[in-house]
Structures are given as C-alpha cells and as structure tokens.
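User: Please take a close look at one position in this model and describe its surroundings. Then follow the structure outward from there, covering buried groups, loops and unusual backbone geometry.

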Amino acid sequence: RSKPGPTVIIVGAGMSGISAAKTLSEAGIKNLLILEATGRIGGRIHKTEFAGVNVETGASWVEGVNGQELNPIWNLARKLKLRTFFSDFENISANVYQQVNGLYDATVVQAALDRAVNVSKAAAVFSEALPPSGLEDISVLTFQRLQKHVPSTALDMVIDYSNHDGEFGEPPRVTSLQNTEPIPTFTNFGEDLYQVADPRGYESVVHELAHQFLGFDAKGTITDPRIKLNKVVNRIEYSRSGVIVETEDGSTYKSDYVMVSTSIGVLQTSLIKFEPDLPTWKILAIYQFSMAVYTRIFLKFPYKFWPSGNGTEYFLYASDRRGYYPIWQHVEYEYPGSNILIVTVSDEESRRIEQQPDSTTKDETMEVLRNMFGENIPEPTDILVPRWWSNRFYRGTYSNWPIGVSRYEFDQIRAPVGRVYFTGEHTSQPYSGYVHGAYLAGIDSALMMVGCIKYGSCDVQIEPKA
Ligand SMILES: Cc1cc2nc3c(=O)[nH]c(=O)nc-3n(C[C@H](O)[C@H](O)[C@H](O)COP(=O)(O)OP(=O)(O)OC[C@H]3O[C@@H](n4cnc5c(N)ncnc54)[C@H](O)[C@@H]3O)c2cc1C
C-alpha cells in the first residue's frame, strides 16, 4: 500500500478555505481535514431568513462585472444561474434627502457628485505615479486636502460616505489612497455590481466549489469526513516536523501543515493560540491592517411608503452627523412585495449599533425615515441587525487597507511561518475585502503550499523593505 501523502489541516470553511482545499485536492494533496467553527460552510457569505425571504447578511454583491477580465465569482454565479440584479446608481442625484425638509435639488446634488468624481479621477492619476513599494502612500483624506476638497456639508459628507465608507467600511482618514484609487476590482473586472438575491443564497457559490472535491449525499448535503463543523480551533502548535491543532472540545489533530483561513479580525484576537508565538514581524503586520465593520440593517414594513420604480432603489440621507443611517435601499426588484428597506452603516456606528438593543436601532431608523417621508409612516414589523463585529469568529466584516501599511508589510501578512500557512480575503493584494479576493487568495496560498510540499520551495520571498 502506498503511503498517504502529507496531511493538511485547513482552519475555516469560508470561501478562501474551501478554495484552498479544492486547489490542494486538485494538486493531488487529498489528505485534508477542514475544521470549521460554526455549523455551516460559507463564512462571511451568509443567507438568513428574514420576513419570509432569504436575505444576505454578509456579502451581497458580485463586484466587478462586465470588464476586460472575467470575475471568477461572476462565472460561478452564472453557472449556478443565481438570481442577480444590476445595481443602478445613475439616478442617485434625484434621491438625496436633506436632514429635514425633503429632497435636495437634483442639480445641486449632481454638481457635488461631479466634484467628488473629479477628485477621485485626480486621485487615481496621483496614486498611479506613486512608487509600487507603497512607502509614499497617503490617506484618501490627505489627497482630498491637497485638492482643497474636504467634505464638510451634510450633502458632501453623505456623497463622500457613499463613495468611500460605503465601499471600504472605513472613512477616508484611515484608508490608503494607493490601494483604493483606482480599485483593481473595477479596473480589471469591470465597473458593474450585481446584487445576489436567490433563495439558495450567495453562499451557494461556496457550496458549488465544495461539491467539486468533497463527497456529498443524494440530497446534496456534504457528508465527507474530511470536513468537520462546530470545531473551534483554539491552539496551533507548530515545529519543523509538523503541526498539532486543538479544538475547544478537547480534540487534537496532527498534520504536516496547516492553512489558517480565519479573518484578520480573528487573527488580531487571541482566539487561536500559536505555539510558539508567531514571530513579531508577523504579529505586527497582522495588527497593523484594518478589519472594517459594515452593516446592512433590514427593516420590514407592513406596506411601502417610499418612492418606487426605476431609478429609486438607492437613496441617501444627509445628516450633519456623518455616517448616521446614510445609505438606503428598497429591494422591491430583488424581493418583490416584501416591503423591506435596508440601511447601511459602518465603523463606529456599526459598533455602537451592535451594542444597543434592536428596539433602540428601530427607533433611530424611524426618526430618520420620518425626517425623509413624514410623520404618517408605519412602524416596522421586524428588524434584523447583523452583528459581525461582536462575533468572535469574524470580528468585523472585511479588511480595509489602511494608510501606513506598505506592500512589504502586506506580504508579511500572507507569508507562511514554517508549516503554518495563511489565506483569506485579507491576503489578496489586489482584491482584499471581496469574495473574489477570498477565492483567488485560497488558490494562491494553496499553490504556495504545493510548491513547498512537492517541489521543496518552502522559503517564500518577501520583497526587501527599501
Ligand atoms: C456584511 C458584509 C458585506 C460584504 N459585502 C461584500 C460584497 O457585497 N461583495 C464582496 O465581494 N464581498 C463582500 N464582503 C466580503 C466577503 O464576504 C469576504 O471577503 C469573504 O467572504 C471572506 O472569505 P474568507 O474565506 O476570507 O473568510 P471567512 O468567510 O471569514 O472564512 C473563515 C472561516 O473561518 C471560520 N473560523 C473562524 N475562527 C475559527 C476557528 N477558531 N476555528 C475554526 N474555524 C474558524 C469562520 O467561521 C469562517 O467560516 C462582505 C462581507 C460582509 C461580512
């Protein structure tokens, strides 16, 4: 009997963990064990039943479609014939509400939008002239100051919020210019966004990949013994000869290698204890990156009282408190007749809202809605507030590239430490923060491991700092 090949334990069954495991399997490394903390696969792609429909509390969009290259997630979504909806922001100038007193004049909004677009175009030119090392990177806000465009009116702030925080989950003060202007996702894969609204959920893209290499029964349920759910890894002991992985229920697993795919938010906590400790360069690189928080709150109403029809789906609320319930969406195309509104918040607002009772959040959103639509609107009959930041298996929603992290430090986040490898959306240099970033990162990290196992090239080069 031939000796079984090396064992690899994969921690986490989100998009990157499953993509890494599939890549290893295809490279002939089939002696795998996937340990997942929760009772499901998919991680931050998660459908939840709300008000009779399956809504997405995690990733909602395939971002980067209709460009030169094909987004691999779009490819999967098409293969699965997922119900997707083109997101049309064209008419947003007609849908921006003042704090009180109704809509802004659309021409006033359009002028403000045009100004923001011009600054963004200038930012892209400036950014592309910066040295690739990232050592001369500046924040988005620094560039805005250079352009004498620091949004400070309620209108400019909500536009700025929607362009930056609405995408990266953090404000321009924090975000790296070089890694967000332009956004490689849109440059390479196209500028369009499609929202997934399918009863099977966006997570079915992860299931599809899993089915390609794991065993499942006639109903499609994954029954492969190489994946274990409800296994919370809390200790990874590594040495030159192998790895021991322990879970909270006291189980111990031995392997030759481990691939850690948990979010960078999790790596920033002590949920998983590494023994010996990870080296200081690694810990510093992990701690320096940002785990952003971005929340879509779902509200169900007995009937609709907001404008409907083409060009009304997205609307903005311009509070003088930046980021206060700013981005709204009605989903009558995605979930017809559901009377659901979604409002997006992020960063400190997300953290504040996660910590307060949902009834308080409901009252706050109702005050905002009354400011927009008048006193005679009905109370919501249900509310759903996802809590990604409080959840110890995520600690936020996706990574954001902050100012002060060079490409060199970014490579350190991804670099293996001996037999411990790392993957996850936060390890994809061009596409961190996205589902396709997680998918492609899983492939990259797995190929790095394959190179080591099969070809002995285990020393990963990290570009020198200067
Ligand atoms: C609210 C929200 C909105 C988003 N919107 C979009 C969008 O519209 N478009 C887009 O492209 N991207 C979006 N994203 C980002 C996208 O969802 C992520 O980039 C991607 O899903 C991350 O995959 P991952 O495999 O890197 O991490 P994860 O999905 O976090 O996978 C890691 C897995 O590890 C598990 N785990 C954690 N700790 C342990 C442990 N100790 N032991 C064992 N297992 C553990 C977790 O349960 C999880 O299943 C959004 C994310 C969120 C949360």
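Analyst: **Thr 247 and its surroundings**

Thr 247 has a relative accessibility of 3% and therefore counts as buried, the cut-off for that class being under 20%. The model is a predicted one, and what follows describes its computed geometry. Thr 247 belongs to strand E11, which spans residues 243–247. Apart from residues up to four places away in sequence, Thr 247 touches Leu 35, Lys 231, Val 232, Val 233, Asn 234 and Tyr 253.

Asn 230 lies in the loop between E9 and strand E10 (233–238). The phi of Asn 230 is near 55°, a positive value in a residue other than glycine. Most residues other than glycine have a negative phi, and most peptide bonds are trans. With a relative accessibility of 52%, Asn 230 counts as exposed, whereas Thr 247 is buried at 3%. On the other side of E9, the loop between helix H8 (204–211) and strand E9 (227–228) holds Pro 225. Pro 225 counts as exposed, at 61% relative accessibility. The C-alpha atoms of Pro 225 and Leu 214 are 8.8 Å apart, and the two residues are separated by 11 residues in sequence.

The nonpolar interior comes next. In soluble globular proteins, nonpolar side chains tend to be buried together. Here the largest nonpolar core comprises 42 residues, and those with the most contacts inside it are Met 15, Ile 18, Leu 24, Ile 34 and Val 205. Helix H14, residues 435–455, gives the most to this core, with 7 residues. Setting aside neighbours within four places in sequence, Met 15 is in contact with Gly 42, Ile 45, Ile 73, Val 205, Val 206, Leu 209, Val 435, Ala 438 and Tyr 439. A second, separate core of 32 residues includes Ile 9, Val 232, Ile 236 and Ile 264. Val 232 leads back to the starting point, as one of the residues that Thr 247 touches.

Ile 73, a contact of Met 15, also leads to helix H2. The buried residues of H2 (residues 72–79) are Pro 72, Ile 73, Trp 74, Leu 76 and Ala 77. The N-terminal end of H2 is capped by Asn 71, with a side-chain oxygen 2.9 Å from the backbone nitrogen of Ile 73. Just after H2, Lys 81 has a positive phi of about 55°.

The loop between strand E5 (61–65) and H2 contains Asn 66. Asn 66 counts as exposed, its relative accessibility being 54%. Leaving out residues up to four places away in sequence, Asn 66 touches Phe 189, Gly 190, Asp 192 and Tyr 194. With Asp 192, the Asn 66 side chain forms a side-chain polar contact of 2.7 Å. Trp 306 is 240 residues from Asn 66 in sequence, and their C-alpha atoms are 31 Å apart.

Helix H5, residues 154–163, is largely enclosed by the rest of the structure, because 8 of its 10 residues are buried. The buried set in H5 consists of Ala 154, Leu 155, Asp 156, Met 157, Val 158, Ile 159, Asp 160 and Tyr 161.

Further backbone features lie in loops. A cis peptide bond links Glu 181 to Pro 182, with omega about -5°. Pro 182 sits in the loop between helix H6 (165–168) and helix H7 (184–189). Glu 275 and Pro 276 are likewise joined by a cis peptide bond, with omega about -5°. Pro 276 occupies the loop between strand E14 (273–275) and helix H10 (280–288). Ala 51, in the loop between strand E3 (47–50) and strand E4 (53–56), has a positive phi near 50°. Ala 51 counts as partly exposed, at 30% relative accessibility.

Finally, the second largest pocket encloses about 310 Å³ of space. Its lining consists of 16 residues, and Val 417, Gly 418, Arg 419, Cys 458 and Asp 459 lie nearest the centre of the pocket. By class, the lining has 11 nonpolar, 2 polar and 3 charged residues.

How values were computed
Residues numbered from 1 in each chain as written. Predicted model: local features only at pLDDT ≥ 70, side-chain atom pairs only at ≥ 80, totals over all residues. Heavy atoms only, no water. 1 Å grid on protein atoms, 1.4 Å probe; cavity = no way out; pocket = protein on both sides within 12 Å on 5 of 7 lines; lining within 4 Å. Points joined across faces, edges and corners; volume = space filled by probe spheres on them. Nonpolar A, V, L, I, M, F, W, Y, C, P; charged D, E, K, R; others polar. Core = buried A, V, L, I, M, F, W, Y, C linked by side-chain atoms within 4.5 Å. Buried < 20%, exposed > 50% of the residue type's maximum accessible area, 1.4 Å probe, protein only. Helix = DSSP H or I, 4+ residues; strand = E, 2+ residues; numbered from the N terminus. Contact = heavy atoms within 4.5 Å. Polar contact = N/O pair within 3.5 Å; in protein donor to acceptor, adjacent residues only side chain to side chain.
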